[in-house]
Amino acid sequence: REGAEHQHQGPGHPQEGRVGPITVDVSMDGVETIAIIAKENPSPLAAAFTMGEGGVPFGRTNIKMGKTSDVIAMVKTADKTYMAKKEVKVTIGGCGG
């Protein structure tokens, strides 16, 4: 399911090959797993977090991206999987365009 109660933040326009922070903050109970996927990266699964019982459903990592890509946050509960995506534009040479 798309949407649901989670926020997904990423860098606006990181430079080519630079590392940028990605944060997933979830405001629902029963989260079992959070995964962060950089769709166009050679190894798309950037991070996976397994929540312990009563844990805070939050994940943050840094991703190195070589080109513009959708970054996808997937949140799994016992009975549903939720998804949110954001296009992260990578600039060549750091000009912001």
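**Exercise 1. The pair Glu-40 and Lys-67**

Lys-67 has a relative accessibility of 47% and therefore counts as partly exposed (between the limits for buried, under 20% relative accessible area, and exposed, over 50%, with a 1.4 Å probe and protein chains only). The model is predicted: local features require pLDDT of at least 70 and side-chain atom pairs pLDDT 80 or more, whereas totals for chains, interfaces and linings use all residues. Residues are numbered from 1 along each chain as its sequence is written, and side-chain values use heavy atoms, without hydrogens and water.

*Task.* State with which residue Lys-67 forms a salt bridge, and where the two partners lie.

*Solution.*
1. The partner of Lys-67 is Glu-40, and the closest N and O atoms of this salt bridge are 3.9 Å apart. A salt bridge here is a side-chain nitrogen of Lys or Arg within 4 Å of a carboxyl oxygen of Asp or Glu.
2. Glu-40 belongs to the loop between strand 3 and strand 4, and Lys-67 to the loop between strand 5 (58-64) and strand 6, so the pair ties together parts 27 residues apart in sequence. Strands are DSSP runs (E, at least two residues), and helices are runs of H or I with at least four; both are numbered from the N terminus.
3. Glu-40 is also partly exposed, at a relative accessible area of 40%.

**Exercise 2. The chain as a whole**

*Task.* Describe the secondary structure of the protein chain, its buried fraction and the share of its contacts between residues 24 or more positions apart.

*Solution.*
1. The protein chain contains 0 helices and 7 strands. Along the sequence, the pattern accordingly reads β-β-β-β-β-β-β.
2. Of the 97 residues in the protein chain, 36% are buried.
3. Among contacts (heavy atoms within 4.5 Å) with a separation of 6 or more, 57% join residues that are 24 or more positions apart.

**Exercise 3. The open sheet**

*Task.* Establish the strand order of the open sheet, its edges and the pairing between its members.

*Solution.*
1. The open sheet is made of 4 strands in the order 4-3-6-7, with antiparallel pairing. Two strands pair if DSSP finds at least two bridges between them.
2. Strand 4 (45-50) and strand 7 (81-88) are the edge strands, each pairing on one side only.
3. Strand 3 is joined to strand 4 by 5 bridges in the antiparallel sense. These strands form a hairpin with 6 residues between them.
4. Between strand 3 and strand 6, which also run antiparallel, there are 7 bridges.
5. Strand 6 (residues 69-77) pairs with strand 7 over 8 bridges, again antiparallel. In this pairing, Met-74 stands opposite Met-83 of strand 7.

**Exercise 4. Strand 3 and Ile-37**

*Task.* Which residues stand opposite Ile-37 in strand 4 and strand 6, and how many residues of strand 3 are buried?

*Solution.*
1. In strand 4, the residue opposite Ile-37 is Leu-45.
2. In strand 6, Ile-72 stands opposite Ile-37.
3. Strand 3 (residues 31-38) has 6 of its 8 residues buried, so the rest of the structure largely encloses strand 3.

**Exercise 5. Asn-41 in the loop**

*Task.* Locate Asn-41, classify Asn-41 as buried or exposed, and name the residues that Asn-41 touches.

*Solution.*
1. Asn-41 is placed in the loop between strand 3 and strand 4.
2. The relative accessible area of Asn-41 is 13%, so this residue is buried.
3. Residues up to four places away in sequence are not counted; with these set aside, Asn-41 touches Ile-63, Lys-64, Met-65 and Gly-66.

**Exercise 6. Salt bridges between strands**

*Task.* How many salt bridges does a search of the whole structure find, and which strands do Lys-76 and Glu-32 and Asp-70 and Lys-85 link?

*Solution.*
1. The search of the whole structure gives 3 salt bridges, including the pair Glu-40 and Lys-67 from Exercise 1.
2. Side chains of opposite charge can pair when their charged atoms come close.
3. Lys-76 and Glu-32 meet through their side chains at 3.1 Å, N to O. Lys-76 is in strand 6 and Glu-32 in strand 3, so this pair links distant parts of the chain, 44 residues apart.
4. Lys-76 is partly exposed at 35% relative accessibility, and Glu-32 is partly exposed with a relative accessible area of 32%.
5. Asp-70 forms a salt bridge with Lys-85, with the closest N and O atoms 3.9 Å apart. Asp-70 lies in strand 6 and Lys-85 in strand 7, so the pair ties together parts 15 residues apart in sequence.
6. Asp-70 is partly exposed, with a relative accessible area of 22%; Lys-85 is likewise partly exposed, at 49% relative accessibility.
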